[in-house]
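Here is a friendly walk through one protein chain, from its surface to its rings and a few chosen residues. Please keep the model open beside you as you read.

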Amino acid sequence: MSQLPVPGRDTAYVWIDRGVGGRPAPAGRLLRRAGAALLGRAEADIVVERDRDGRPLVAVRGAGARLPVSVSRSGPVVVVAARAGGPVGVDVERCRPLPAAALARRWYAPAEAAWLVGRPADGQVTDFLRLWTAKEAVGKALGVGLRDGGLRRRMPVPVGADASLRPVPGLARLRVGHPGVGAGLLLAVAVDAVGAAPVEVVVVDADGHVGAARRGGHVAAVRSASVERTSLPVVVRGN
């Protein structure tokens, strides 16, 4: 992990472990890796804690340094995001068949549901999941999850696998985007962008591979570089 951190930049790092043999990887391993990379200590020195609101943090054992983190799971996939510059939220979902239009009408604001229903049928599931993951990631960055009407919180209109972090309507400091990670996954990353400086998102596979993606919007670059489980399966079962 010698590429981390990027000096002089506000960077949100995202580690992805895709699991082995369908078995989920322990989130603690990625959390300790995140803490070691960004706090400059050995993984053995890193502990996982919670803040007063229950959000996960990683810290150096016996020291004051703490780092906000976010965690998401979908099947065997585990994703951890960490950022020294401020709050970060992450959410991942596997692409699979869903009654996207019906779910949107039930859970999203009327204007957002109408937009989704008007989309081509073969892309509605993907668009539904892009909105869902954005809502989850933004809720985590805010520290409230999907409470207090989080599913009706408006998101930027999805524009595909776009690395750009775009403003969240009505929440001027929040930015959210969908870096492409392939393998049938949809990933959303949200940050509380304190100040005007751009935030860089770096996505790293658990094996240490750091790829590349294009520049765009509020992201200076994307290098496709709690445990909070996805709540979507619960919602679908409740339908």
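## Surface and overall make-up

The protein chain has an accessible surface of about 10400 Å², and carbon and sulfur atoms account for 54% of that area. Areas come from the Shrake-Rupley method with a 1.4 Å probe, and for residues only the protein chains shown count as cover. This is a predicted model, in which local features need pLDDT of at least 70 and side-chain atom pairs count only at pLDDT 80 or more, while totals for chains, interfaces and linings use all residues. Residues are numbered from 1 along each chain as its sequence is written, and side-chain values use heavy atoms, with hydrogens and water left out.

Of the 239 residues in the protein chain, 51% are buried. Here buried means under 20% relative accessible area, exposed means over 50%, and partly exposed lies in between (1.4 Å probe, protein chains only). The chain holds five helices and 11 strands; these are DSSP runs numbered from the N terminus, with helices (H or I) of at least four residues and strands (E) of at least two.

## Two helices in contact

Two packed helices are described by the angle between their axes and the distance between the axes. Helix 2 (residues 100–107) and helix 4 (residues 124–142) have axes that cross at roughly 35° and come within 9 Å. Axes are lines fitted to C-alpha atoms, for helices over the stretch in contact, and angles run from 0 to 180 degrees between N-to-C directions. Helix 2 brings Ala100, Ala101, Leu103 and Ala104 to the contact, and helix 4 brings Gln124, Val125 and Phe128, where contact means heavy atoms within 4.5 Å. By class, the residues of this contact are six nonpolar, one polar and no charged. Ala, Val, Leu, Ile, Met, Phe, Trp, Tyr, Cys and Pro count as nonpolar, Asp, Glu, Lys and Arg as charged, and the others, Gly among them, as polar.

## Aromatic rings

How many aromatic pairs does the structure hold? There are three. Rings of Phe, Tyr and Trp (its six-membered ring) pair if their centres lie within 6.5 Å; planes under 30 degrees apart count as stacked, over 60 as edge-to-face and the rest as tilted. One of the pairs joins Tyr13 and Trp15, a tilted arrangement with 6.0 Å from centre to centre and 40° between the planes. Both Tyr13 and Trp15 are buried.

Phe128, already met in the helix contact, pairs with Trp132: the ring centres are 5.8 Å apart and the planes stand at 35°, so this pair is tilted. Phe128 and Trp132 are four residues apart in helix 4, and so about one helical turn separates them. Phe128 and Trp132 are both buried, and together with Tyr108 they form one aromatic cluster. The ring of Tyr108 also has the charged end of Lys135 sitting over it, 4.7 Å from the ring centre. For this, NZ of Lys or CZ of Arg must be within 6 Å of the ring centre and within 35 degrees of the ring normal.

## Four residues and their partners

The table pairs residues by C-alpha separation.

| Residue | Partner | Apart in sequence | C-alpha to C-alpha |
|---|---|---|---|
| Arg173 | Val191 | 18 residues | 8.2 Å |
| Val71 | Arg55 | 16 residues | 9.7 Å |
| Ala34 | Leu67 | 33 residues | 9.0 Å |
| Ala190 | Ala134 | 56 residues | 7.3 Å |

Arg173 belongs to strand 8 (residues 171–177) and, at 46% relative accessibility, is partly exposed. Beyond residues up to four places away in sequence, Arg173 touches Val191, Asp192, Ala193 and Val194. Val71 is found in strand 4 (residues 66–74) and is buried at 0% relative accessibility.

Ala34 sits in helix 1 (residues 27–39) and is buried, with a relative accessible area of 0%. Apart from neighbours within four places in sequence, its contacts are Trp15, Leu67, Val80 and Ala82. Ala190, in strand 9 (residues 185–192), is buried at 0% relative accessibility. With neighbours within four places in sequence set aside, the contacts of Ala190 include Pro87, Val88, Ala137 and Arg175.
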